[in-house]
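Visitor: I would like to learn how to read a ligand site and a sheet in a model such as this one. Could we go through it feature by feature?

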Amino acid sequence: MARITYDDQTAAAFKAVREIPRAGLGEWREAIRRHLNPSPGMTVADIGAGTGAFATAFDDWFDLGVLAVEPSASMRAQIPPRPAVQVLEGDAAALPLPDGSVDAAWLSLVIHHIPDLEAAAREIRRVLRPGAPVLIRQGYPDRADATRTFPWEFFPEAARTTGTFPSLEQTCQAFAAAGFRREALESVPEKLTTLADFLAQVDVYRRSDTIIRGLTEEEFLRGKERLRRAVQDAGPETRTNWLDLLVLR
Ligand SMILES: C[S@@+](CC[C@H](N)C(=O)[O-])C[C@H]1O[C@@H](n2cnc3c(N)ncnc32)[C@H](O)[C@@H]1O
């Protein structure tokens, strides 16, 4: 059971405002390339693929086959159809894939939704070929103060929710129990929107986001007011967020 219900309204909001513009993902492209060593014919399982932002990016960037596994029918319906991306109903703890059939697993902003991370790690171990990597894009409460990064700097009560996400240590332990060891960890920047655009989208953003949905109405409105004031002094530059890329093998 995910922390929020990814129904039609949530999926449409996610598609509208949560996919990072491709131009803002340049550093991710290079970080993934370094750790994945992509080559034609490789198959990557995008677990919790959502609306397919990364599944389609992997196809465009690296010309790979992507198995986009996603439990929510509403999210799956938002994944653009293309020959290289096979969309499958499934859950991290029950992957619809044969043993030893996949060259890498990618999990972006998913692990906090997985109720039993050890069970998911065992399942990922089962479907990966020996020696294949797991790449995780995530923020960890023991790594960075989320409330000092955009957009959480405007919503300090976000820490109440982000503090309950799996820590880096818990994540590594869950995967270690399934035979993976930590190979690399790096912070990767991504360029989101201007502050003014974020303010214009924040109500839609709220519908799609686990962290903002964890705020009370009053906390959300206070944050929106902070944001409104900041927009008055802000320039047109695009805001940057940082997330971690954890590589396990
Ligand atoms: C925040 S979205 C991230 C989507 C996508 N990975 C991205 O980065 O754009 C989280 C996704 O995880 C999916 N999810 C929730 N629980 C899951 C589970 N147990 N196994 C796999 N995916 C899950 C949700 O349905 C949702 O699409």
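Visitor: By class, how many residues in the shell around the ligand are nonpolar, polar or charged?

Guide: Bear in mind that this is a predicted model. Sorted by class, the shell around the ligand holds 11 nonpolar, 5 polar and 3 charged residues, and among the 19 residues that surround the ligand, the closest are Gly48, Glu70, Asp91, Ala92 and Ser108.

Visitor: Which atoms of Asp91, Ala92 and Ser108 lie opposite ligand atoms, and at what distances?

Guide: A pair of N or O atoms counts as a polar contact within 3.5 Å. An N or O atom in the side chain of Asp91 is 3.1 Å from a nitrogen atom of the ligand, whereas for Ala92 a backbone N or O atom lies 2.9 Å from a ligand nitrogen. The side chain of Ser108 places an N or O atom 2.6 Å from an oxygen atom of the ligand. Of the 600 Å² that the ligand exposes when taken alone, the protein buries 96%.

Visitor: In what order do the strands of the sheet run, and which are the edge strands?

Guide: A sheet is read from strand to paired strand, and here 7 strands form an open sheet of mixed pairing, in the order β3-β2-β1-β4-β5-β7-β6. The edge strands, each pairing on one side only, are β3 (85–89) and β6 (182–194), and the twist from one strand to the next averages 20°.

Visitor: In which sense do β4 and β5 pair, and which helix lies across β5?

Guide: Strand β4 (residues 104–108) pairs with β5 (residues 134–138) in the parallel sense over 4 bridges, with Trp106 opposite Leu135 in β5. Helix α7 (residues 168–176) lies across β5, β6 and β7, and runs at about 30° to β7.

Notes. Residues numbered from 1 in each chain as written. Predicted model: local features only at pLDDT ≥ 70, side-chain atom pairs only at ≥ 80, totals over all residues. Heavy atoms only, no water. Near = heavy atom within 4 Å. Polar contact = N/O pair within 3.5 Å; in protein donor to acceptor, adjacent residues only side chain to side chain. Areas by Shrake-Rupley, 256 points an atom, 1.4 Å probe, with all protein chains shown as cover. Nonpolar A, V, L, I, M, F, W, Y, C, P; charged D, E, K, R; others polar. Pairing = 2+ DSSP bridges. Helix = DSSP H or I, 4+ residues; strand = E, 2+ residues; numbered from the N terminus. Axes fitted to C-alpha atoms, helices over the stretch in contact; angles between N-to-C directions. Contact = heavy atoms within 4.5 Å.
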